[in-house]
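Hi everyone, thanks for making time this morning. I'd like to walk you through one structure, and please stop me whenever something is unclear.

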Amino acid sequence: MASSTPLQVLGTMGLFLTGALIMRGAGCTINDLWDRNLDPHVERTKFRPIARRAVSPRKAVVFTGVQLLAGLGILLQFPTLCLWYGIPSLLLVTTYPLAKRITYYPQAVLGLTFSWGAMMGFPALGIDLLSNHSALESAAALYSSCVAWTILYDMIYAHMDIKDDVAAGIKSIALRHEHNTKTVLSALAVVQVALLAAAGVSAGAGPVFFIGSCGSAALSLGMMIWRVQLKNVQNCWWWFKNGCLLTGGGITLGMLFDYIARATDLDEKDTRSPQVFTDATSKSNGEAGDRPIL
């Protein structure tokens, strides 16, 4: 894969963070527009600005337009290649709210939407996924891992609204698997960690990644699934809010330290290379001097 300097990686991370905040906000506004007639019937959402008519749908549409333009501004800071990877995600952003009306698995659509950044990171650093097989394998595994993770923590989130969802006619994975939720959560956790490890193998990650990112993810997810009380709304909210931070923080730190470890190792190799070359040259010259000249 193409190598990038620490400053390039840091700058790209900053742009991604800004873009993620903007586009998440746009997605939330679009969701609230679609659900403006459903949200008043759900205890947790009835006080949202559009639901309580503090903001009109027209103003919300204008605000969404501003958010999308700001997101486009961030996208244009990346290589042109990113446009072809980024624009298709808008289809998922705008159609996710419809999923809860037609399927019990809207969280899967949410996962496909929220995880899109896993695909975008590669072209953002100048790596064309279509021409780099290893990068494509790593991106696909990382994206799929993030999808499984999103479904997992949003399934816990959906348990907060089960009673209201039934009354409002809203579908969710929590309703479909209400009686075997922890089994489904455990399966999703195994899939997520396995795919995360597969992404690391494809990318040539070191042991720091597998211990830090994969190990911490397995530990934090296992603890969350074991401790969460699915019938307790406040407890579900606590684990949804803090559990994703614990898992995401562990994965991020593992990746960061693995990057530092590998970058440091490369620097040391570069530093040693001239000396190795000099020693090899001296040895070669010495051997040549010992030979008889015919």
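I'll begin with the overall fold, then turn to helix packing, the core, and a few single residues.

A word of caution before we start: what you see is a predicted model. The chain has 12 helices and 0 strands, so if you go looking for a sheet, you can save yourself the trouble. Of its 294 residues, 38% count as buried. As for contacts with a separation of 6 or more, 73% of them come from residues 24 or more positions apart.

Let's look at helix packing. Two packed helices are described by the angle between their axes and the distance between those axes. Our opening pair is helix α4, residues 89–102, and α5. Their axes come within 8 Å and cross at roughly 170°. How should we describe that arrangement, parallel or antiparallel? The angle is over 145°, the cut-off for this class, so α4 is roughly antiparallel to α5. On the α4 side, the residues in the contact are L92, V93, Y96, A99 and K100. They meet P106, V109, L110, L112 and T113 in α5. By class, that contact has 8 nonpolar, 1 polar and 1 charged residues.

Now stay with α5, residues 106–114, and turn to α7, residues 133–158. These two axes also come within 8 Å, and they cross at roughly 135°. That makes α5 oblique to α7, and the crossing is right-handed. Which residues of α5 meet α7? They are Q107, A108, L110, G111, L112 and F114. Across from them, α7 brings Y143, V147, T150, I151, Y153, D154, M155 and A158. The residues of this contact divide into 10 nonpolar, 3 polar and 1 charged. Notice that L110 and L112 are on the list here, and both were also in the contact with α4.

One residue from that α7 list deserves a closer look: T150. Is T150 buried or exposed? With a relative accessible area of 3%, T150 is buried, because the cut-off for that word is under 20%. Leaving out residues up to four places away in sequence, T150 touches L110, G111, F114 and S115.

On to the core. The largest nonpolar core has 48 residues, and those with the most contacts inside it are L129, L152, L196 and L221. Several helices supply at least two residues each: α2, α3, α6, α7, α10, α11 and α12. Which helix gives the most? That is α7, with 14 residues. If you want one residue to click on, try L152. Apart from residues up to four places away in sequence, L152 touches L185, L188, A189, L221, M224 and I225. You'll recognise L221 there, as another of the residues with the most contacts inside the core.

Let me finish with the loops. Between α1, residues 6–34, and α2 sits D39. Here is one for the charge enthusiasts: D39 is buried, with a relative accessible area of 5%. Setting aside neighbours within four places in sequence, D39 is in contact with D32, T45, K46, R48 and A51.

R53 is in the loop between α1 and α2 as well. Where D39 is buried, R53 is exposed, with a relative accessible area of 75%. R53 also has a phi near 65°, a positive value in a residue other than glycine. R53 and P40 are 13 residues apart along the chain, and their C-alpha atoms are separated by 9.9 Å.

My last stop is Q77, in the loop between α2 and α3. Q77 counts as exposed, at 54% relative accessibility; the cut-off for that is over 50%. How far is Q77 from A124 in space? The two are 9.1 Å apart, C-alpha to C-alpha, with their positions 47 residues apart in sequence.

That's the tour, and I'm happy to take questions.

Note on methods: Residues numbered from 1 in each chain as written. Predicted model: local features only at pLDDT ≥ 70, side-chain atom pairs only at ≥ 80, totals over all residues. Heavy atoms only, no water. Axes fitted to C-alpha atoms, helices over the stretch in contact; angles between N-to-C directions. Helix = DSSP H or I, 4+ residues; strand = E, 2+ residues; numbered from the N terminus. Parallel < 35°, antiparallel > 145°, perpendicular 65-115°, else oblique. Left-handed = near helix turned anticlockwise from the far one by under 90°. Contact = heavy atoms within 4.5 Å. Nonpolar A, V, L, I, M, F, W, Y, C, P; charged D, E, K, R; others polar. Core = buried A, V, L, I, M, F, W, Y, C linked by side-chain atoms within 4.5 Å. Buried < 20%, exposed > 50% of the residue type's maximum accessible area, 1.4 Å probe, protein only.
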